[in-house]
Amino acid sequence: MATRAARGFGQYSGTARALERVGERWALLIVRDLLAGPRRYSDLKSGLPRIPTNILSDRLKELQEAGVLRRVPTVRGGYELTPLGRELAPVVDALERWGWSVLGDAAEGEQVTHDAIAAALRAAFRPDAAAGMPPTEYVLHVADVSVSAIVAGRALDVAPVGPGALPQPRRALPEVAPGAVLELAVSPTGFRDLVAGVRGAVSMKGAPAGVAILDGGSALLARFRLTFRIDPVEPPDARTAHSAADEASVA
């Protein structure tokens with residue numbers, strides 16, 4: 001077991017002890033990116049463009065000492081989460097969903113990354129809704145990054161694709177041949193509104209503002225809305241109206 005962090009909170013508490021391990025600035029974003037798979041130091045730095053190199057080195061050392069991550073012997077300069085670190089997945093998902101209530105618009109200079117979009121899709125995934133739908137691939141081009149999300153029953157596999165995507169190991173659902181593909185070009189705020197179920201101006205194909213359907217159609221778009229949803233805090237009657245509209249579209 002790693003020794004207790006020197007700067008403790010002075011409380012015998014699970015929450016306090018967890019924050020001693022992963023509560024420093026940037027720590028959970030490093031965990032978020034490693035949830036997608038092993039990353040080299042340079043990959044982590046590229047995905048977190050504003051982190052100073054000395055801070056990244058410090059966080060990696062601290063997380064390693066806490067047993068959250070470890071070096072990857074087969075990848076030079078690589079890191080991966082330990083089983084203890086991977087147990088933070090539901091914590092990161094919950095923080096992602098909570099953050100959508102205060103997300104707002106993208107500020108000047110804020111970037112979209114492959115791992116950030118993948119994390120949002122994992123947090124938004126609704127396996128109960130997806131269970132009764134045919135296997136489907138959703139390809140999203142958000143700003144300058146692209147991801148592919150394959151959904152088969154209650155299983156989800158998200159991987160970066162296209163220029164700038166990191167090489168990936170074999171996909172988690174290699175035997176699945178999706179019978180339908182929806183491909184979207186989405187602005188950052190369009191992605192936010194799409195996943196949050198915002199109803200605004202729509203195009204001729206039924207896509208909301210900031211969303212262009214490149215392949216597929218409105219029925220697959222409605223399927224995406226049912227499969228991926230993060231409900232920001234809002235009146236319950238508004239959420240009910242959104243769900244009813246999507247179910248009618250799929251039907």
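A cavity, for this tour, is a set of grid points where a 1.4 Å probe fits but cannot get out, and its lining residues have an atom within 4 Å of a point. Keep in mind that you are looking at a predicted model.

**Stop one: the cavity.** Select Ala130, Met133, Pro134, Thr136, Tyr138, Val151, Gly153, Arg223 and Thr227; together they line the largest cavity. There is about 40 Å³ of space inside, and the count of cavities of 30 Å³ or more comes to one. Now color by element: β4 and α10 are the ones that give two or more residues to this lining. By character, the lining splits into five nonpolar residues, three polar and one charged.

**Stop two: the largest nonpolar core.** Keep Tyr138 on screen and add Leu121, Leu182, Leu184, Phe191, Phe224 and Phe228. In this core of 33 residues, these seven, Tyr138 included, touch the most other members. Next, show the ribbon for α7 (114-124), β4 (136-142), β5 (145-152), β7 (180-186), α9 (188-196), β8 (211-215) and α10 (218-227), since each supplies at least two core residues. Which element gives the most to this core? That's α7, with six residues.

**Stop three: Phe228.** Zoom in on Phe228 and leave out anything up to four places away in sequence. What does Phe228 touch? You'll find Leu121, Ala124, Phe125, Tyr138, Ala149, Val151, Leu156 and Val195. Two of those names should be familiar from the cavity stop: Tyr138 and Val151 are in its lining.

**Last stop: another core.** Finally, pick Ile30, Leu44, Leu56 and Val92. They are among the 20 residues of another core, which lies apart from the largest one.

How values were computed:
Residues numbered from 1 in each chain as written. Predicted model: local features only at pLDDT ≥ 70, side-chain atom pairs only at ≥ 80, totals over all residues. Heavy atoms only, no water. Core = buried A, V, L, I, M, F, W, Y, C linked by side-chain atoms within 4.5 Å. Buried < 20%, exposed > 50% of the residue type's maximum accessible area, 1.4 Å probe, protein only. Helix = DSSP H or I, 4+ residues; strand = E, 2+ residues; numbered from the N terminus. Contact = heavy atoms within 4.5 Å. 1 Å grid on protein atoms, 1.4 Å probe; cavity = no way out; pocket = protein on both sides within 12 Å on 5 of 7 lines; lining within 4 Å. Points joined across faces, edges and corners; volume = space filled by probe spheres on them. Nonpolar A, V, L, I, M, F, W, Y, C, P; charged D, E, K, R; others polar.
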